[in-house]
Amino acid sequence: MPFTPEEVITHLENLEGWELEEGRWIVRKYTFSNYMKGIAFVDEVAAISEAFNHHPFITIDYKTVTLRLTSWEEGGITAVDIKEAQQYNEAFEKMRSAE
């Protein structure tokens, strides 16, 4: 069952960098020091996505990776999107702390 817009906003307060877009996506841009670090992050995103069997839209713009999540089958943002976004943030922090 999808979250209401108010519930999504409440969840996003605990997700650094994520925003609600067009009322149907949660979106975050991650910026890296170089292109290859962004690509390594996309590899991590792919592994996380496969584990959830839930895949984001991914845009790579040189050193910036943008992720967009929604649950099409449910018609909006669900707990799966929020949990997955948390794991993407954890992967990003792990990569950043390793630099």
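Is Phe41 buried or exposed? In this predicted model, Phe41 has a relative accessibility of 0% and therefore counts as buried.

The aromatic residues offer a starting point for describing the interior. Nine aromatic pairs are counted in the model. One of them joins Tyr30 and Phe41, whose ring centres are 4.7 Å apart and whose planes meet at 50°, an arrangement classed as tilted. Because Tyr30 belongs to strand S2 (residues 25-31) and Phe41 to helix H2, this pair ties together parts that are 11 residues apart in sequence. Tyr30, like its partner, is assigned to the buried class, since its relative accessible area is 1%, under the 20% limit for that class. Both residues also belong to one aromatic cluster, which is formed by Trp18, Tyr30, Phe32, Phe41 and Phe92.

A further set of contacts involves loop residues. Ser71 is placed in the loop that runs between strand S4 (64-69) and helix H3 (79-97). With a relative accessibility of 2%, Ser71 counts as buried. The side chain of this serine makes a polar contact of 2.9 Å with the side chain of Thr78. When neighbours within four places in sequence are left aside, the residues in contact with Ser71 are His54, Gly76, Thr78 and Asp81.

His54, one of these contacts of Ser71, is itself located in a loop, between H2 and S3. The relative accessibility of His54 is 10%, so this residue too counts as buried. Beyond its neighbours within four places in sequence, His54 is in contact with Ser49, Leu69, Thr70, Ser71, Val80, Asp81, Glu84 and Tyr88. Asp81 thus appears among the contacts of Ser71 and among those of His54.

On the surface, Tyr35, Met36, Ile58, Ile60 and Tyr62 make a nonpolar patch of about 510 Å². Helix H2 (35-52) and strand S3 (57-61) each supply at least two residues of this patch. Another member of the patch, Tyr62, is found in the loop between S3 and S4. Tyr62 counts as exposed because its relative accessibility is 57%, over the 50% limit for that class. Helix H2 accordingly contributes to the surface patch, while Phe41 of the same helix is paired with Tyr30 of strand S2 and counts as buried at 0% relative accessibility.

Notes. Residues numbered from 1 in each chain as written. Predicted model: local features only at pLDDT ≥ 70, side-chain atom pairs only at ≥ 80, totals over all residues. Heavy atoms only, no water. Helix = DSSP H or I, 4+ residues; strand = E, 2+ residues; numbered from the N terminus. Buried < 20%, exposed > 50% of the residue type's maximum accessible area, 1.4 Å probe, protein only. Polar contact = N/O pair within 3.5 Å; in protein donor to acceptor, adjacent residues only side chain to side chain. Contact = heavy atoms within 4.5 Å. Patch = residues over 30% accessible without salt bridge, like charges linked within 9 Å, V, L, I, M, F, W, Y side chains within 5 Å. Areas by Shrake-Rupley, 256 points an atom, 1.4 Å probe, with all protein chains shown as cover. Salt bridge = Lys/Arg side-chain N within 4 Å of Asp/Glu carboxyl O. Phe/Tyr/Trp six-rings, centres within 6.5 Å; stacked < 30°, edge-to-face > 60°.
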